[in-house]
Amino acid sequence: MNRNKTYVRTVTAVAAAAVVAMLASCGGGGGGGGGGSADAPTVSVGSKQFTEQILLGEMYAQAFEAADYNVERNLDLGSEQVMDRSMQDGTIDVYPEYTGTAFVAILEENPDDAPDTPEETTEIVQEFYANREDTPMQMLTPAPFDNNYGIVMRTEQAEELGIENLQDLADNSSELVFSSYSEFQNRSDGFPNMQESYDNGFEFQDIVIVNDLGIRYQALAEGEADVAIGFTTDGQLASDQLEVIEDPNAIWPFYYPAPVVTQELLDANPDAEEILNEVSASLDADTMRELNGAVDLEQESYEDVARGHLEEAGII
């Protein structure tokens, strides 16, 4: 990328303030505990810092509480590196991770070496966790859907410019503003992967760093950005006014969400695996998109959305 032509602005502080306001208004994502009796087992549940992660963490927490566990919530903690360190130092016992994220960011494998099937990706990652010597862990059975990256444009603008796939976007990028986030710009499977995989390297007119997903979609809707990075299970993508640009080179691994849990918790609590697997099995892509949309678009609380799904699925 030609840095002389690309002015990268950072509005992280504004985004962080918005996240705090959102979480305060929704009443979710923070710490706290609840659940079983004084002699019941205790589990600390963590998550990363975006809607789906916090929702998955909240679902794990409520499922444990329904099984009479005492639950400590450490949701909205940080990146996958922060989560992995928190597992190792005992801050948390379980968090949701994505198979492809673990492959490139925890195992530190090259995204070009990612397997061609979700099953093989899961097998490699599960073997890594099962055999790591620092803190024994397991990645349990993933939920049956892929939450991959989505490069998103307004449908009308994409049609006007004739942009159907990522090569078309790369060819037109010098006239467009890209709304991204810090981790995507720096991770090997993120923006560097896009630049290496398509000709003309995505030399956007401007790259605006916005670490809050909702604000990136807002910027797209208001015309402050032309292109944004999202995730394929985002609730916003239910709108026909937004379009995910096709990726004909299939540059990204598979990202199936699964609980990563310490072996210590599993050994001490034989029912923990079944509790977590039941939550994963209750989800699919359409359901997850609907639940994410209930939080992001309908402004419902994480607790209410998680509880509604678990009750409907017969888990609590």
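Contact here means heavy atoms within 4.5 Å. The structure described is a predicted model.

The chain has 316 residues, of which 53% count as buried. Its secondary structure comprises 14 helices and 12 strands. Among contacts in the chain with a separation of 6 or more, 79% are between residues 24 or more positions apart. The exposed area of the chain is about 13600 Å², and carbon and sulfur atoms supply 43% of that area.

The largest nonpolar core contains 68 residues, and the members that touch the most others are Met59, Phe64, Leu169 and Phe184. Helix H2, which spans residues 51–66, provides the largest share of this core, with 8 residues. Another core lies apart from it and consists of 17 residues, including Met83, Tyr95, Tyr129 and Met137. For Leu169, once neighbours within four places in sequence are set aside, the contacts are Ile151, Met153, Ile163, Leu176, Phe202, Phe204 and Val227.

Ser47 is located in the loop that runs between strand E3 (42–46) and H2. The relative accessibility of Ser47 is 0%, so this residue counts as buried, the cut-off being under 20%. Residues up to four places away in sequence not being counted, Ser47 touches Gln53, Ile54, Asn74, Leu75, Asp76, Leu77, Gly78, Met83, Tyr95 and Pro96. Two of these residues, Met83 and Tyr95, are also named among the members of the 17-residue core. With Asp76 there is in addition a polar contact, in which a polar atom of the Ser47 side chain lies 3.0 Å from the backbone nitrogen of Asp76.

Tyr98 belongs to strand E5, residues 94–98. Tyr98 counts as buried because its relative accessibility is 3%, against the cut-off of under 20%. Neighbours within four places in sequence aside, the residues in contact with Tyr98 are Lys48, Phe50, Glu52, Gln53, Leu56, Met139, Asn147, Tyr255, Tyr256 and Pro257. Glu52, Gln53 and Leu56, which appear in that list, fall within the residue range of helix H2 (51–66). The side chains of Tyr98 and Glu52 are joined by a polar contact of 2.9 Å. Tyr98 is also placed 8.2 Å from Phe254, C-alpha to C-alpha, although 156 residues separate the two in sequence.

Gln53 recurs in the description of both buried residues: this residue is touched by Ser47 and is in contact with Tyr98.

Conventions: Residues numbered from 1 in each chain as written. Predicted model: local features only at pLDDT ≥ 70, side-chain atom pairs only at ≥ 80, totals over all residues. Heavy atoms only, no water. Core = buried A, V, L, I, M, F, W, Y, C linked by side-chain atoms within 4.5 Å. Buried < 20%, exposed > 50% of the residue type's maximum accessible area, 1.4 Å probe, protein only. Helix = DSSP H or I, 4+ residues; strand = E, 2+ residues; numbered from the N terminus. Polar contact = N/O pair within 3.5 Å; in protein donor to acceptor, adjacent residues only side chain to side chain. Areas by Shrake-Rupley, 256 points an atom, 1.4 Å probe, with all protein chains shown as cover.
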